[in-house]
Amino acid sequence: MSGPERPALPVVIVGGLHADARKAAVARLLADVPGSVVLHHDLATATAGTVVRTVRDATGIRSAGEAPLVNDCACCALREDLVPELVRLAHAGGTPLAVVELWDSVEPKAMAEVVTAGGFTVTGVITAVDPALVLPYLGNGDDLAEGGLAAAATDQRTVADTFARQLEYAPVLALADSPEADDEDRELLAQLHPTARRVPIGQGGPASGHGDRNGSSSPLARAARAGFDVEAAAAAQHPACALLPAEADAHGVSTLVWHSRRPFHPERLYAALEDLTCAAARSRGRFWLADKADTLLHWDAAGGALCVESAGPWLASLPDAAWEMVPPVRRAAAALDWHPEHGDRCQHLVFTSPGLDRDGLERLLESCLLTDAEYAAGQAAWERLPSAFDTLLEV
């Protein structure tokens, strides 16, 4: 599918649960990049067994059709249908930019990887955001299915965790002009994703709709063509080498970065999970349980719900010969934080929220670590501690 005869077709992915903001961002790109085309798969009809595809430009709909579900999965149908549509668009020629507008709960990471695997160049990934809705969506622990937003019958994601991943994966955030947003809302967004480029959707070129074919007059269109590295983006989400937020405190919003070189006592941490999960609008990172010395554990919490899962081994637990199979970015991240005794094993958790009780949170986290006596007993004793997390990890 990716033969050399295929004409080049830059692809930008625009997503986000904030549908009004997403549609406004797509409309801005259509206006500021003459000749651009939008592909959209509406998954709302998935319960009827199909996904509705539309292809449109600034003048209206060019074509529409239906794609059948694949294995009863709407997202699978999207994957199967999207690349052939891009191929047709590429061969037709004359399109300076293909805008893939994702349906509400579709996450950009999977689609960026599908488009790249199909032989196309993703030049940008944009999540559209209404700053006034960031905290309400992060605090929404409802299942997507309850709001008609599930992408498959088996979709068990929540609004909060889906929104968090959409937000944190994209290097560009297209911001709606929201009169309801205040300094706290904007600060929360900045602390959740401090490295993101934030572009106002309403900021068009001096002659919106009449820019050059690269949209050089529009900040959002320039961001859509700025370039995107799928592998680097995936690495930035892996808990072992994720680029997590830094300490911050402004406009009533705080980010606490908590480190420790001592393992957690499994039972004490398990008993504190509810309080820790509800302490912040968003928390994430990696952690180390005393009874599981070889396992790097991923902490991912939003909307009052916590997901804990194994993210593979700590590098310190691997034989030297296995290091060659580890991605360089992972080895580099471990080397930056290597401990002479514990290697890359550590606690690195980040909590971001308005009204964060930093002191109370630090005390609670510290109370979950091994005591001096427990720590001095050594790893053989740690491994005999009750495995409180086995059920949560589905071991």
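Helices and strands here are DSSP runs, numbered from the N terminus. The model is predicted. This briefing covers its two largest pockets and one cysteine, Cys-76.

**Largest pocket**
- The volume of the largest pocket is about 940 Å³.
- Its lining counts 41 residues, and the closest to the pocket centre are Arg-165, Glu-168, Gln-237, Arg-282 and His-298.
- Three helices, α3 (108-117), α5 (159-169) and α8 (230-235), each give at least two residues to this lining.
- The strands β11 (282-287), β12 (295-302) and β13 (305-313) also give at least two residues each.
- Sorted by class, the lining of the largest pocket holds 25 nonpolar, seven polar and nine charged residues.

**Second largest pocket**
- The second largest pocket encloses about 340 Å³ of space.
- Its lining has 15 residues, and Ser-105, Glu-107, Asp-155, Arg-157 and Arg-165 are the closest to its centre.
- Helices α2 (74-92), α3 and α5 each supply at least two residues of this lining.
- By class, the second lining has seven nonpolar, two polar and six charged residues.

**Shared between the pockets**
- Arg-165 is among the residues closest to the centre of the largest pocket, and among those closest to the centre of the second largest pocket.
- Helices α3 and α5 contribute to the lining of the largest pocket and to that of the second largest pocket.

**Cys-76**
- Cys-76 sits in helix α2.
- Its relative accessible area is 21%, so Cys-76 is partly exposed; buried would mean under 20%.
- From Cys-76 to Trp-299 is 223 residues in sequence and 27 Å in space, C-alpha to C-alpha.

Definitions and conventions:
Residues numbered from 1 in each chain as written. Predicted model: local features only at pLDDT ≥ 70, side-chain atom pairs only at ≥ 80, totals over all residues. Heavy atoms only, no water. 1 Å grid on protein atoms, 1.4 Å probe; cavity = no way out; pocket = protein on both sides within 12 Å on 5 of 7 lines; lining within 4 Å. Points joined across faces, edges and corners; volume = space filled by probe spheres on them. Helix = DSSP H or I, 4+ residues; strand = E, 2+ residues; numbered from the N terminus. Nonpolar A, V, L, I, M, F, W, Y, C, P; charged D, E, K, R; others polar. Buried < 20%, exposed > 50% of the residue type's maximum accessible area, 1.4 Å probe, protein only.
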